[in-house]
Amino acid sequence: VQVKSVADGRAGPMTEAEPTKFIELKLSMPLLKAIHDLGFKQSTPIQAAVIPVALKGVDLCASAVTGSGKTAAFLLPALERLLY
């Protein structure tokens, strides 16, 4: 998993992350409940790396293999912004 944040047109450092529990990603209770109800207990490395950066509203570029959870890494912060 490789993630680069982009601020002011300049790329930040690559980061890597280990899987964490979704509650540690500081998502709202409605999203955490939905994630729990769907049976997910732990984020994937791409989600752990991308969600905190995306919640700050920073542009980023991330790459990971197919099936790694990139769609949720993109959509959970987007849904968070729509809710609040």
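Helix α1 has an outward-looking side: the face turned away from its buried side carries the exposed residues M29, K33, H36 and D37. On the buried side sit L31, L32 and I35. Looking down the axis of α1, these buried residues fall within an arc of 100°, so they line one face of the helix. That pattern fits a simple rule: an α-helix has 3.6 residues a turn, so residues three or four places apart point the same way. As for what covers the buried residues of α1, the list includes α3. Just after α1 comes G39, which takes a positive phi of about 95°.

How far can this picture be trusted? The model is predicted, with a mean pLDDT of 85 for the protein, and 81% of its residues reach 70 or more. Helix α1 (residues 29-37) happens to be where confidence is highest, at a mean of 97. Strand β2 (residues 10-15) sits at the other end of the scale, where confidence is lowest, at a mean of 56.

The buried residues of α1 also turn up in the largest nonpolar core, which has eight residues in all: F22, L25, L27, L31, L32, I35, I51 and L76. The largest share of this core, three residues, comes from α1. Another core member, I51, belongs to helix α2 and is buried there. Leaving aside residues up to four places away in sequence, I51 touches L25, L27, A73, L76 and P77.

Helix α2 (residues 45-55) has plenty of its residues tucked away, since I46, Q47, A48, A49, V50, I51 and A54 are buried. Just after α2, G57 takes a positive phi of about 85°.

One of the buried residues of α2, I46, also leads to a serine in a loop. That serine, S68, lies between β3 (59-63) and α3 (70-83). Is S68 buried or exposed? With a relative accessible area of 13%, S68 comes in under the 20% cut-off, so it counts as buried. Its neighbours include T44 and I46, both of which S68 touches when residues up to four places away in sequence are not counted. The side chain of S68 also reaches the backbone oxygen of V65, at 2.7 Å.

Conventions
Residues numbered from 1 in each chain as written. Predicted model: local features only at pLDDT ≥ 70, side-chain atom pairs only at ≥ 80, totals over all residues. Heavy atoms only, no water. pLDDT = per-residue confidence, 0-100. Helix = DSSP H or I, 4+ residues; strand = E, 2+ residues; numbered from the N terminus. Buried < 20%, exposed > 50% of the residue type's maximum accessible area, 1.4 Å probe, protein only. Polar contact = N/O pair within 3.5 Å; in protein donor to acceptor, adjacent residues only side chain to side chain. Contact = heavy atoms within 4.5 Å. Arc of directions from axis to C-beta. Core = buried A, V, L, I, M, F, W, Y, C linked by side-chain atoms within 4.5 Å.
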